[in-house]
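This report walks through selected features of one protein model with a bound ligand. Please keep the sequence and the coordinates at hand while reading.

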Amino acid sequence: MANPFPIILHHFEKSPFSEKVRVVFGIKNIAWTSVLIPRIMPRPDLMPMTGGYRRTPTLQIGADIYCDTQIIIRELERRFPQPTLYPAGNAGIAWGLGMWTDRSFFQNTVNLVFGSLADQVPKEFREDREQLRGQKFDVDAMKAAIPQMRDQLRAHVDWIETQLHDGRAFLGGPLPGLGDVHAYMNIWYVRGNLPDAAKLFERFPKMLAWEQRVKDIGHGTRERELSSAEALEIARNATPQTPTAEDAGDLNGRKPGDRVQVIPDDYGKIPVQGTIVSLSAQHIAIRCKDERAGEVVVHFPRAGFLVIPLS
Ligand SMILES: N[C@@H](CCC(=O)N[C@@H](CS)C(=O)NCC(=O)O)C(=O)O
């Protein structure tokens, strides 16, 4: 049966992780619905749907909610298999690459951006991100680290240039794929925030041509804008579509029906509590109930997340 629900992305325009998903919409030419959320908390209509998960973006399909780009992109590939995000094969490596781009490469770009813009970052944003990361938003330390961050950035970007060395159009070959989605996020983020981006990138001609190619892919069809309240209404009126599925390979004996909490292992460590509906090596879906959202199933990736039993 065709999916009766719109593909809704809860995002903000300047969010680099959201840009990943928007590029996937572009590669697959997906029609989607946008819900713009504020850059900082509170997000009172979104939290009932995510069970408290606060990072951006979130994908909503009816009453199924996908938290984290890893599970969002996996679900988009499942629902829209053509064109594939693995045009050259290498799917395992492409997923693993996310641990480079989303962690060490992103920490590098985020520190460089915040260090460079430190004086312009509003107090509310600083306080919000202190809460998110559980550490001081230390403007002076970030500023002092700028030369180191520039060196790191250069090394990361040089890997992209090296990969493109044989004249290929995209990182995996002639067609765009998941590796491009991962790496592009950081370039897009630097480009959009640092006035001296052109200078930082000037010695990487192949990377620059690739950046333009990925940009030209676009964002698919952004069909309409909804408010968070309208999206919440869609969740409340929908029934989650996720079937129960066991995982014979689970090494800890977890199974559908178990009560657990799921927590990111890096930052924004807010536990989401629910009952397991389905799980696998790469996926866990838990059923949550909320007064306003009704019953939802919230989906998370496994790599980068902790699953803790609740008694
Ligand atoms: N691993 C997450 C990281 C997402 C992330 O860190 N997003 C940033 C914005 S681009 C964020 O959540 N910032 C705090 C917020 O939006 O509350 C993913 O892949 O979705």
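## Strand pairing around β7

In this predicted model, a hairpin leads from β7 to β8 by way of two residues. The two strands, β7 covering residues 272-280 and β8 covering residues 283-290, are paired in the antiparallel sense over five bridges, and S280 is the residue that stands opposite H283 in β8.

β7 is also joined to β6, which spans residues 259-264, and here four bridges connect the strands, again in an antiparallel arrangement. Within that pairing, Q261 has Q273 in β7 as its bridge partner. As a general point for reading such a region, side chains in a regular strand alternate between the two faces of the sheet.

## The ligand and its surroundings

Which residues come nearest to the ligand, of the 14 around it? They are R54, T56, D68, T69 and Y267. For two of these, a polar distance can be given: an N or O atom in the side chain of D68 lies 2.7 Å from a nitrogen atom of the ligand, while an N or O atom in the side chain of T69 lies 2.5 Å from an oxygen atom of the ligand.

R129 also takes part, with a polar side-chain atom placed 3.5 Å from a nitrogen atom of the ligand. Taken on its own, the ligand has 500 Å² of accessible area, and the protein covers 94% of it.

## Cysteines without a disulfide

The structure contains zero disulfides. For C67 the reason is one of distance, because the closest cysteine sulfur, that of C288, is 8.7 Å from the sulfur of C67 and therefore too far for a bond, given that a disulfide requires the two sulfur atoms to be within 2.5 Å. Seen from the other side, C288 is likewise in no disulfide, and its nearest cysteine sulfur is that of C67, 8.7 Å away.

Are these two cysteines buried or exposed? C67 is buried, with a relative accessible area of 0%, and C288 is also buried, at a relative accessible area of 7%.

## S228 in helix α11

S228 belongs to helix α11, which comprises residues 228-237. At a relative accessibility of 15%, S228 counts as buried, because the limit for that class is under 20% relative accessible area.

When its neighbours within four places in sequence are left aside, the residues in contact with S228 are V35, L36, I37, D45 and M49.

Key:
Residues are numbered from 1 along each chain as its sequence is written. This is a predicted model: local features need pLDDT of at least 70, side-chain atom pairs count only at pLDDT 80 or more; totals for chains, interfaces and linings use all residues. Side-chain values use heavy atoms; hydrogens and water are left out. Buried means under 20% relative accessible area, exposed over 50%, partly exposed in between (1.4 Å probe, protein chains only). Contact means heavy atoms within 4.5 Å. A residue is near a molecule or strand if one of its heavy atoms lies within 4 Å of it. A polar contact is a pair of N or O atoms within 3.5 Å; within protein, one must be able to donate a hydrogen and the other to accept it, and residues adjacent in sequence count only if both atoms are side-chain atoms. Accessible areas come from the Shrake-Rupley method with a 1.4 Å probe; for residues, only the protein chains shown count as cover. Two strands pair if DSSP finds at least two bridges between them.
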